[in-house]
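Trainee: I am new to this structure and would like a close look at a single part of it. Please take it slowly and then tell me what else deserves attention.

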Amino acid sequence: MNSAQIIQYCLSGITVGSIYAIVAIGFNIIYNTTGIINFAQGEFLIVGAMMAVSLTKVVPLPVAIGLAVVITTVLGGLVEVVFIRRVRDASVLRLIVITIGVSILIREAMLHIWDEKVRSLPYFTGTDVSTISVMGAHISPQVLWVLGVSAVIVTGLTLFFRFTLIGRAMRACADDRMAARLCGINDRWMVTLSFMLSAGIGAIAGCVISPVTQTQYDMGAPLAIKGFTVAILGGLGNSIAAIAAGLILGLLEVLMMSQFQAAYKEAVSIVVLLLILVFRPSGLFARRDLSSLRAF
Amino acid sequence: MKARSMGVCGVLVAGLILGLAGCEKKSEAPPIKVGAIFSVTGPASFLGAPEEKTAKMLCEKINQSGGIDGRKIELIVKDSGGKSENAVSLAKQLIDEDKVLAIIGPSTSGETMAIKNICQEGKTILISCAAAETIVNPVASYVFKTPQKDSDAAKCIFKAMKQKGISKVGVITSNDGFGMAGKAQIDKLAPDEGITVVISETYDKQEADLTGVLTKLKGQNVQAVINWSIVPAQALVAKNMKQIALNVPLYQSHGFGNIKYVQAGGEAANGTVFPCGRLLVADSLANDHPQKALLVKYKEDYEGKFNEDVSTFGGHAYDAILILAEAMKKAGSTDRDKVRDALENLTGFVGTAGIFNFSAQDHGGLTIDAFEMLTVKDGKFAVYKN
Amino acid sequence: MGGRRYIPIIVATLLIVAGQPVLWAIARPYYMTQITMSAYYALVVIGLCLLMGYAGQVSLGHAGFFAIGGYTSAVLTTCNLLARQNEVPITCFRSLGLLVERQDLYGQAMLCFSPWAAFVAALLLTAGIAFLIGLPVIRLKGHYLAMATLGFGLIIYRIVLGAPVFGQADGISNVPPFELFAGLEVNGRPPYRVQNYYIAWAAVLAAMLLAINLVHSRVGRALRSIHQNEEAAHSLGVNTFQYKLSTFVLSAVFAAVGGALLTHYNGSIGPSEVTVMKSVRYVSIVAVGGMANLWGALVMAIALNVLSLRGNFGTYDDAVFGMILIVIMLFAPQGLLRMPNLRWISTWFSRRSYG
C-alpha cells in the first residue's frame, strides 16, 4: 500500500465518519434534556432532506434547505407534544417503544407521500465530479461542508447551552427536573424545545449529507444506528466527543474494509457498539470516576 | 320531509337500475383470475412499485379491449414487502383460495426461490420477474421467468471489454439477490473469456459512501470496474469513482436500466457502458425493428399514465402478462396445463426484454440477442458503438 | 387452587379443536395455513413475553434467535454431503444415524443431516449463543440493553447477508419436511394442512404450559420482584442476574423452536426474518397483548400475524405495527385486553390463571 492510497483510505474514513458524527449530534440534544434516546432521529434527517429536495423545484437551494429545516423543526415539536408529553414519567421501556413506533410511522408516511425513489440534493459547491486533491488522494468538497456544518453546529450548541438562559434551563432540566421546575423553569417546554432543536439539526444534517449519500425513505434507520453507535462511543450527551467518535468509527470501518471483505464492514461498527456498551458504557472520553455517578 | 322521501325513492330507483345492470353483467363469462406478488413496499420497492403499476395498467388495457376471448382478467395483486415468508403465505393463498391460473412475480430472486417448489407442486404457472438463473435451472415445469439471463449480460460486458483490450477487472456487487447472481456468473465465465477478476467486493443497499471500497479496487490497479447492482446505491459508484480519480471505464449490469440512476449519478454517469434490453432506447431504434412498436407503446402508456420514467423492471412484469395472455389465446382455454404447454411452446414472441423462445429445456426464453450495449451520453441512454 | 391455572389451557385446547370444524363450516379451511405460521411466530412472542413482561428486560433482537434456529435447521438439512461421504466425520455421523439420504424435487440425490439432528443442533446452538450474549448484555439496563440487543440482531442479519453458506440475500430454499414421529410431519403441502395445524398448536400449548408453570413458581415470583424493584429483590437475596439470564436463554430457545419448525413448514427461510423491523414486531405484539399477559400476547400474536401474512394490511403492513406500538403505549400500556371496556375478558382469564 503506498502513501497516496493510505491517505485515500483516511479521506474515505473521514467522509463516512463526518456523516456519522453529524447524525449523532441530534441524539445528544434530546438525551441531554430528557434522558431519552430518540429512535426517530434518523427519520428527521430523511424528512428534512426529502422536504428540501421537493422544495428545490420551486425555490433556490438555500431557501429550500431553510424551509425544510423549519418544517422539520415543527414536526419535531409536534412529535413531542403529541406522543412524548403524555407519558412523561413513563418507564424507559415505554419511551423506547414509543419512539420506535414514531420512527416507523414517519417512515411509512414518507413512503406514501413521496414514494420509493431515490433523490438527492445538488452538491453545494462544484458538481458530482469535482474533487479536492490532498497529497495524491481525493475528496469531495461536500465532505468539507459536512465537517464544517458539524463544527458550526457543535460550537453553536456549546455556546447555547453554556451562555443563554434557555440553554442553561434545558441543562437544568436534564440534571434534576423537579429542582428545575421549582426554580420556575417550564420543564415541559424545555423538552419540547429539545425535540425541536434536534429535529432541526437532524434536518440540516440530512440536507448536508444528501448529495453524498442520496436520500431514500428507508435510509433513516441505518443512519440512526450508526448515529447511536457514535453517540455512545463518544459518551451520550457529549457532542464534541461525538465528532471525534464519528471520525474514529469511520476510520475504523475503512481500516477493516481495506483488510477484510467489505461485506462484513457493517458488522464492525456493531461489534464496536456492543463492546463499548459492555465495557465502557459512559463512552471513550468519559472520566471513569464521574461516569460511575450516572445511572445507566 | 317531502324532499327526504323523494330522495329515498331516488335511491331505490337507482338501486333497482344498478341491480338490473348487475344481473345483466352476470351473464358475462367469469373473469380469469391471475395472481401477482410484488414487493411494492420494503427494501425492493424500487422493483415492485413499477412492476405493480405496469401490471395493473396492462390488465386494464387488455380488459378494455375485450379481454382474452371475451373474458376479463382479474389481477389480484399482493404486496410481499420483500419478505420471503410473506411471499410463501401469499402464494399459498393465491393457489389454494383464489385458485389463480398463474402467479406473476415475485420481484426478487429470494422470494421466487421460496415459492418455486410451492407453485410447482400446486401446478400453478409462475412467471417470475427476478433474474437469477437458479429460478429456471433446474427447470421446474411450471416456473418461468422474463428477465434476461445474467450469464448473457456478463458475456456482453466481457465482449465489450475485450474489444478495448481490458483483461484485469475489479468487480463490485450489491449484496442483494441480483448482485449475488451476477457475481456468480462473472466468477464462472471470466476465466473462459480471458478476463481476470483481481478483486471482488460487495456493498450494502444503504451504503452512505463507496469511496473506501473503490479505493481498494484502485489499489489493485484494475483496468476497468464492473458494478453489478440493482439498488439505488449504484449511482454512487460512478460519482465516487470520479471523486477519487479512479479514471477507468465503468461497466454496469442490466440493473442500471433506470434513468433515475443516471440522473442521480449526474455528470459522473456519462460514459458508463452496460448491456440492457432495448426499452431505454426505444425511440432511437430502426423503424423496422421487431420490438420498436411494442417498446414505444409501453413507454408512452406508462409515462403518460404515471408521469414518471419507464424502467426495465416494470418491463419484466409487462412481458410476464403479455406472455401469459398470448399463451391463453394460443391454448384457447384457461386450463392450467394447457396454458402451461402453450407457454412452453411459445416462440418468436416479442416482449420488452427481447424475443422470447421458450422450450421444455429453456424457461427463460431469451438469448444474448436480447441485450444491446448501451451507454450514457449527456445524461441520456444511447446505443453504445465501439 | 393450583389446578385452576390450567383451565385456560383446557379452554384454549377446546377452542383450537373447535376451530377446525368451524373453518370447514365457513369454507375457509385454508386459513389454517396462516394460523399455523402465526403459531410458530407466537412461540417467539411467548418467550419474549416472559422476558419483557415478567423479567422486565427488553429485547430488540429476538428475530436473531428465531433466525439462528431456522437457519441452522435449513443449512444442516440442505447441505449435500454426498461428495464427501467417505470422509471421516461424515462416516461417523452416518453410523450415528444423524444423516438421511433423500431426493429433492428435481431428482437430485442428497445426503443431509436428518431434521431431528438439525433441530437439536439448532436449539443447542441458540442456547449457547444466547448464554454467551446474555452474560455481558443482560447486566445492562434501559436504553443500553435495548441498543445491545438491537446490535445483536443486526450482527446476525449481517452474517446471514454476508455468508454464502446462508444463501446471502436469497436465503435457503428446498428445506425438506420434518418427520416428527408416527407419520406426523411438519410439512407445508396442502394434504398436511390439518395435521400441521395441530402440530403447531401442540408446540404453542406446550410452551404456554411451561411458561405458566414458570410464572407461578418461585422463579416467576423472583422475576416479578426483579421487574418491580431490582435493587430490593437483590437485597433480599434473589440472584437477579441468574434469573434474568436464564429467562433470556429460555426465551431465545422458544424463538429458535419457532424458527426451526416454521422453516421446515415453509420450506425456506430468508434474511427478511432477521430484520430489525421483525424484532420490533415481536415487541409490539407483546406490548399490545399487555406485557405481562401470556394469553394476551398469544391472542395478539395469532391475530396480527394472520392478518399480516394474509396481506390484509396491504402496503401499510409495517405502518400498522408502528401505529399499534404508539397507540398502545400511549393509551393502554397494560395492553389492549386491560383497557376499561375490555377488562371483563382479562378478569375472566386472570381470575383463573393467577388463582
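How many residues does helix α3 of chain C have, and how far does the helix reach from its first C-alpha to its last?

Mentor: Please keep in mind from the start that this is a predicted model. Helix α3 of chain C covers residues 62-78, which makes 17 residues, and from its first C-alpha to its last the helix reaches 24 Å, close to the 24 Å that would be expected at 1.5 Å a residue. As for its surroundings, 16 of the 17 residues of α3(C) are buried, so this helix is largely enclosed by the rest of the structure; a residue is called buried here if 20 or more other C-beta atoms lie within 10 Å of its own.

From that helix we can turn to the side of chain C that touches chain A, where 31 residues of chain C are in contact with 31 residues of chain A. The elements of chain C that give two or more residues to this side are α5 (115-137), α6 (142-162), α11 (276-289) and α13 (317-331). Of these, α6(C) provides the largest share, with 11 residues. Sorted by class, the side of chain C that touches chain A has 23 nonpolar residues, together with 5 polar and 3 charged ones.

Chain B offers some backbone details that are worth following through its loops. The peptide bond that runs from B:G105 to B:P106 is cis, with omega near -10°, and B:P106 is found in the loop between β3 (102-104) and α4 (109-121) of chain B. Another cis peptide bond joins B:N137 and B:P138, with omega at about 5°, and here B:P138 lies in the loop that runs between β4 (125-128) and β5 (143-145) of chain B.

Further along chain B, the angle to look at is phi. For B:N221, phi is near 50°, which is a positive value in a residue other than glycine, and this residue has its place in the loop between α7 (211-219) and β8 (224-228) of chain B. B:N221 counts as exposed because it has 10 other C-beta atoms within 10 Å, and the limit for that class is 12 or fewer. B:A245 also has a positive phi, near 60°, and it too is a residue other than glycine; B:A245 lies in the loop between α8 (234-243) and β9 (250-252) of chain B. With 15 other C-beta atoms within 10 Å, B:A245 is partly exposed.

Definitions and conventions:
Residues numbered from 1 in each chain as written. Chains lettered and ligands numbered in written order. Predicted model: local features only at pLDDT ≥ 70, side-chain atom pairs only at ≥ 80, totals over all residues. Contact = placed C-beta atoms within 7 Å. Helix = DSSP H or I, 4+ residues; strand = E, 2+ residues; numbered from the N terminus. Nonpolar A, V, L, I, M, F, W, Y, C, P; charged D, E, K, R; others polar. Expected span 1.5 Å × (residues − 1).
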